[in-house]
There are 2 protein chains.
Amino acid sequence: MRKARNRRPGRPPQVEVDEPTAEKILRAAADCFMEEGFAAVSMDEVADRAGVTKAVVYYYFGSKTELFQRAMMEVMRASRERTQAILREGGPLSERLRKLTRTRLAIPATLDMNHILRGSQRALRKEQLEEMHQAEERLVEVIAQELAEEMARGRLRQIDAMFAARSYLALLGMGQAEIRRRGGGQAVIDEVAEELVDLLWRGIEPT
Amino acid sequence: MRKARNRRPGRPPQVEVDEPTAEKILRAAADCFMEEGFAAVSMDEVADRAGVTKAVVYYYFGSKTELFQRAMMEVMRASRERTQAILREGGPLSERLRKLTRTRLAIPATLDMNHILRGSQRALRKEQLEEMHQAEERLVEVIAQELAEEMARGRLRQIDAMFAARSYLALLGMGQAEIRRRGGGQAVIDEVAEELVDLLWRGIEPT
DNA sequence: GTCTATACAACGATAGAC
DNA sequence: GTCTATCGTTGTATAGAC
C-alpha cells in the first residue's frame with residue numbers, strides 16, 4: 001500500500017464517482033419503458049427508480065414524452081454502436097451473427113420499435129415519432145448493410161437485405177421471450193441463439 | 001318478390017339486426033387493446049367506440065382487466081380456429097402457410113402475446129396472466145402440430161416445432177409492420193407474404 | 001439543483017334516476 | 001339496460017422555499 005507522503009499535495013480532483021443525475025434518470029427511464037412500454041410507466045416510478053423525486057425528473061426533462069424519446073434514442077444509439085462493433089469483427093458472418101445474438105439475448109432490452117412505441121403514438125408528436133423511426137431505420141441498416149455485402153459476394157441468397165435484417169430483429173425479440181420461458185441462464189441463451197441463427201440461415205426446409 | 005299474403009301471420013320474430021351490446025363492446029375493446037395495448041386505452045375510449053357510455057361497459061364487464069382478458073381471449077380463440085381451418089386444408093404445407101400468412105397479414109390484429117400483454121402485467125392478476133399465456137400456447141400448438149407432422153414425414157428439417165411455430169408468429173408480426181411501411185394494399189400483402197414464407201422456408205443461405 | 005406542496009386533468013369505478 | 005352525475009385516485013406538470 002502506498003504511503004500518504006506519496007500522494008500529490010492539495011485537494012484531489014473530483015472523480016465524479018456518482019453518475020450525473022440526468023444520466024441516472026435516463027437509465028432508469030429506459031429500463032422502465034422497455035419493461036412496460038410508455039403508457040404503463042408513471043413519472044413517479046421513474047423517479048423512484050432513479051433515486052430522486054419527480055420534480056427533479058421534470059427539472060431535467062420537461063415532459064414524459066421528452067423523457068421517453070431521449071431515453072429510447074439513447075438505447076437505440078448504444079445498441080447500434082455495439083451491433084456495428086460486433087458485426088465488423090472478422091470471421092464468417094454466421095459466426096458474427098451468432099455472437100451478436102448471444103450478446104443481445106443476454107440483455108433484456110428490446111430493439112423492436114413496434115414493441116417500444118406501443119401505446120405511445122397518441123401522446124407523441126409526429127415529429128418525435130418520425131425521429132424514433134429513423135433511429136430504428138439506422139439500426140436496421142447496420143445489419144442490412146452487412147447482409148448486403150455478403151450477398152454481393154455470393155455468400156448469401158439475393159433477397160431484400162432490409163427485410164432480412166428486420167426478420168432477424170423480429171426473431172431476436174421472440175428469442176428473448178423464449179429465454180424467459182426456458183428459465184434463463186447462459187446455457188439457455190446459447191441454445192436459443194444457436195437455434196435462432198440456424199433457423200434464419202437455413203430455414204425449415206430439409207437439406 | 002313475394003306477396004304480402006304469403007307472409008306468416010303475426011309479428012315477425014326479432015331478427016336481432018343489431019349486434020348484442022356486450023358483443024359490440026367486446027369487439028370495440030379488442031380493437032382498442034390491439035392497437036394501443038392495455039395501459040394506453042381508457043374505458044371512455046372503448047365506450048365511445050362501441051357507441052355506449054362508460055357505465056354500460058361497467059354493467060357488462062366489472063373492470064378494465066376483466067374486459068381486457070375477455071376481449072383478448074375471444075381474439076385468440078377466433079384466431080386459433082381460423083388458423084386451424086386454413087392449415088387443415090389440403091395441399092403442400094408451404095402453400096397452406098402462404099395462404100395463412102396472406103390472411104393474417106390482411107388483418108391488423110396482432111397474435112403476439114408479448115405485444116399484447118405489454119404494460120398490463122402489473123394490473124392483471126397472475127391467474128389472468130396464466131390463462132392468457134395458455135391461450136397463446138394453444139394457438140402456437142396448432143401451428144406446431146402441423147409442422148411436427150411434416151417433420152415426421154421427412155418433409156421438413158427436424159427442429160423444435162414449437163420454436164419454429166413461434167418464429168413464424170414473430171415473422172408475422174414483423175410482416176404487419178412491413179406492410180404498413182410499404183403502404184398497404186393487396187399487392188403489398190401478397191408480396192410480403194411471399195417473402196416471409198420464403199425466408200422461413202429456405203432461410204438466407206445460398207442454394 | 002433539489003426539495004415540498006399543490007394545481008389541474010384524466011381515469012377507473014359507482015350511485016341513483018329513468 | 002342505459003343514462004347522467006359524481007366520487008376517489010392517480011398522474012402530469014408547476015410554484016416556490018431552500
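Reader: Which helices each supply at least two residues of the surface near DNA strand C?
Author: In this predicted model, they are α3 (54-60) of chain A together with α2 (43-50) and α3 (54-60) of chain B. Helices here are DSSP runs of H or I with at least four residues, numbered from the N terminus. Local features need pLDDT of at least 70 and side-chain atom pairs 80 or more, while totals for chains, interfaces and linings use all residues. Residues are numbered from 1 along each chain as its sequence is written, and chains are lettered from A in the order in which they are written.

Reader: Which residues come nearest to DNA strand C?
Author: Of the 14 residues around the strand, Ala55(A), Ser42(B), Met43(B), Tyr58(B) and Lys64(B) come nearest; a residue counts as near if its C-beta atom, placed from the backbone, lies within 6 Å.

Reader: Turning to chain B, how do the axes of α8(B) and α9(B) cross?
Author: The axes of α8 (residues 161-182) and α9 (residues 186-202) of chain B come within 10 Å and cross at roughly 150 degrees. Axes are lines fitted to C-alpha atoms over the stretch in contact, with angles from 0 to 180 degrees between N-to-C directions. The two helices are therefore roughly antiparallel, a term for angles over 145 degrees.

Reader: Which residues of α9(B) are met by α8(B)?
Author: Val188(B), Ile189(B), Val192(B), Leu196(B) and Leu200(B) are met by residues of α8(B), including Tyr168(B) and Leu171(B). Contact requires C-beta atoms, placed from the backbone, within 7 Å.

Reader: And how many residues does the contact take from chain A and from chain B?
Author: The contact takes 35 residues from chain A and 35 residues from chain B. On the side of chain A that touches chain B, α8(A) gives the largest share, 10 residues.

Conventions
Angles under 35 degrees count as roughly parallel, over 145 as roughly antiparallel, 65 to 115 as roughly perpendicular and the rest as oblique. Two residues are in contact if their C-beta atoms, placed from the backbone, lie within 7 Å.
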